[in-house]
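Biologist: I'd like a close look at one part of this model, the way its helices pack. Could you walk me through that, and then through whatever connects to it?

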Amino acid sequence: ELQFAPRLNCATELLDKAVAAGWGNRLCIRGAGLRWTYADLQAQANRIANVLVHDMGLVPGNRVLLRAPNTPMLAACWFAVIKSGGIAVATMPMLRAKELQVIIEKAQISHALCDLRLAEELQLAAQKCPVLRQLHCFNDPSDDGLEAAMARQSARFDNIDTAADDTCILAFTSGTTGVPKATMHFHRDVMAICACWPAHVLRPSPDDVFIGSPPMAFTFGLGGLLLFPMKFGASTVLLEKASPAQLLEGIRDHGASVLFTAPTSYRALAAQGEALRAGTLRRCVSAGEALPAATRALWHEATGIVLIDGIGSTEMLHIFISADEAQSRPGATGKPVPGYQARVVDAEGRPLPPNTVGHLAVRGPTGCRYLDDPRQAQYVQNGWNLTGDAYLVDDDGYFHYQSRTDDMIISAGYNIAACEVEEALLLHPAVAECAVIGVPDAERGQIVKAFVVLRPGQEAGPDTARALQDFVKQTVAPYKYPRAVEFLPALPRTETSKLQRFRLRPPGGGS
Ligand code: 3UK
C-alpha cells in the first residue's frame, strides 16, 4: 500500500529534495538549446513562482493555464505553479481560441503562462473570458516578458505547504465524444504514479536519458518525459516538435536511452531500424493507443528492442496495465501495475470469467474524479472507473485489448472490432497506416470500410484494394474483410496520436 504524509507538495518531493540530496549539479533537462541541472531547474522554477505570487497575485488554489511546446521553460512553469500551491492546467499546443475558452471557463482559470509563439489564440480566448486576469508570456525578449520579470525576482522560494489531497493538476480529456472532462489530480497522485509503473515496470537508472513525443499537456508526456526521469535522478530531452525524423535526430544528438511515443510513431521509426540498432536507445514505451502485434514484431525486427506496452488514461494519470520486456506477450497489454486493480465486467458491472470480452474497469490511488461533471456517475461505478475499452483477461491474468467499446462494427449480425481488421491490414507490406470504420449499408446494416495509407512506391488503385481484401480474408475470419477500401495520404489523428475514427465517418450516418 502506498502511504503518503498528510502534508505533501510534489514539487518539493521531486525537485527541491533532489537538489537537497546532492543531485543539484546533475543534468536534468535539455531542450530549446538549453541544458539545465536540477539546481538550474529549481532556480528557474523559484523565480517564476515569485513572479506568480508577487507580480501576478497568485494564491493557493488558483488555476494556472500553461501553454507551450515541450521546453525546459514549460517544465519550470509547471513546477512554479505547484510550488506556489496553484493548480496546473497544461493545454495542448494546437488548441484554438474556442477550445481554450471552454477550458478557461470550466477550470475557472485566473492566471496563464504562455509561450509567446502560441500567444495569439490564448489572447483571443482571454478577450472572451473575464475570469482570466493575469497573462505572462515567455520566450519574450521584451521588458514585459516573463524572463524580464524573473530577472527581478529571487531564485529562492519557500514552497506552499499543501495537503497531500490538495488538487495540483487539472487534466482535460481529449473529448472525442462530447465536451472534454477535466480530471482532478492531487499532490499524492503525482507521487503515486512515480511509485507505481516506473518503479515496477520501467525501473530506469540515473544514467538514462529520456526522450519522446507526447506533449506535457498529455499526462503520458508529463509522467514519461518529466516526472519519472526526475524521480529516478535521470535526465530528459524535451523536443518542441517530435516527428519521427526529429525523434531520430534527438536520440542521436543526446544519446537517448528511453523512448516514449505512440504506435504510429514506432511504425514510422522502424524504417530507421539500423541507425537505431547501432545507437544508444535501449527501452521503448508505447501507449496512447492499442499496440498491434504487427507493430511490436516490426519494431523488434528493426531494432532488436522489445516494446513495453502500457495502457494509461488521463483519468488515472498514467499507465495502470503494462508488462516489462521479460513479461511481455504479443497481443496482450500486460497485467495490472502494482498499486492498481483491473477487471473485465459486464454491462451491469459484474466481473466476467476469463476469456470473455467485456468492459475494462480499473481502480487505483490516482482516480477517477472529474471536476464538477455529472458524467462521474456514468464513468465511475462502485469505485471502479470504466475506461470505455473492451478487454478480455486470459487464463494467465494477461489483459488483451479488443477495441474501444464504441468501435465495434456490426455487419450482417457479426461483431467486428475495428482494430482487429486494422491489425490484419498492417501485416501487409504495402500498408503504412490504416483505419477501419463501419459505414451504413442497406443490406448488412453496416459494412467494414478501410482507409489505407500506402507505403512509398505502392500504387493506390483497384488492384491494390483487391489484394488487401484478399489478404484480410486469409488473415482473419473472412467475414471481417473490408468491403470498401479508400486510399488516403494520411489519417486524422489527435495531438496525442490517437486515431480519430469519427472524422472518417460519413456525416449523420453510421456508428
Ligand atoms: C487508449 C490504449 C490500448 C484506451 C495515456 C498513458 O492515452 C492516455 O490517456 P487518454 O486519456 O486515453 C485513454 C485511452 O487511450 N489507450 C491508451 N493506451 C493504450 N489502448 N493499449 C494501450 N497501451 O482507449 C484508453 O482508455 O488520452 C496513456 C499514460 C497516460 C495517459 N494519459
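Modeller: Let's start with handedness: α1 and α3 cross in a left-handed way. Keep in mind as we go that this is a predicted model. Its confidence scores are an ipTM of 1.00 and a pTM of 0.94. For the protein chain, the mean pLDDT is 95, and 98% of the residues reach 70 or more.

Now back to that crossing. Two packed helices are described by the angle between their axes and the distance between the axes. Here, α1 covers residues 10-23 and α3 covers residues 72-83; their axes are 9 Å apart, and the angle is about 130 degrees. That makes α1 oblique to α3, because an angle over 115 but not over 145 is neither roughly perpendicular nor roughly antiparallel.

Helix α1 also packs with α9. The axes of this pair come within 9 Å and cross at roughly 40 degrees. So α1 is oblique to α9 as well, and here too the crossing is left-handed.

Follow α9 and you get to the ligand. Helix α9, residues 219-231, supplies at least two residues of the shell around the ligand. The strands β13 (308-312), β19 (384-393) and β20 (399-404) each do that too. The largest share, 4 residues, comes from β13. In total, 24 residues surround the ligand, and the closest are Phe220, Ala287, Ile311, Gly312 and Thr314. Match those numbers to the ranges and you'll find Phe220 in α9, with Ile311 and Gly312 in β13. And what is the shell made of, in terms of nonpolar, polar and charged residues? It divides into 7 nonpolar, 13 polar and 4 charged.

Strand β13 takes us on to the sheet. It belongs to an open sheet of 9 strands, in the order β2-β1-β10-β9-β11-β12-β13-β14-β15, with mixed pairing. At the edges stand β2 (34-37) and β15 (335-336), each with a single partner strand, so one side of each is left without a neighbour in the sheet. Reading along that order, β13 sits between β12 and β14.

One step further along, β12 pairs with β11. These two strands, residues 283-286 for β12 and 258-261 for β11, run parallel and are joined by 4 bridges. If you want a spot to zoom in on, try Val258, which stands opposite Arg283 in β12.

So that's the route: from α1 packing obliquely on α9, through α9 and β13 at the ligand, and out into the open sheet.

Note on methods. Residues are numbered from 1 along each chain as its sequence is written. This is a predicted model: local features need pLDDT of at least 70, side-chain atom pairs count only at pLDDT 80 or more; totals for chains, interfaces and linings use all residues. pLDDT is the predictor's confidence in each residue, from 0 to 100. Two strands pair if DSSP finds at least two bridges between them. A residue is near a molecule or strand if its C-beta atom, placed from the backbone, lies within 6 Å of it. Ala, Val, Leu, Ile, Met, Phe, Trp, Tyr, Cys and Pro count as nonpolar, Asp, Glu, Lys and Arg as charged, and the others, Gly among them, as polar. Axes are lines fitted to C-alpha atoms, for helices over the stretch in contact, and angles run from 0 to 180 degrees between N-to-C directions. Angles under 35 degrees count as roughly parallel, over 145 as roughly antiparallel, 65 to 115 as roughly perpendicular and the rest as oblique. A crossing is left-handed if the near helix is turned anticlockwise from the far one by less than a right angle, and right-handed if clockwise.
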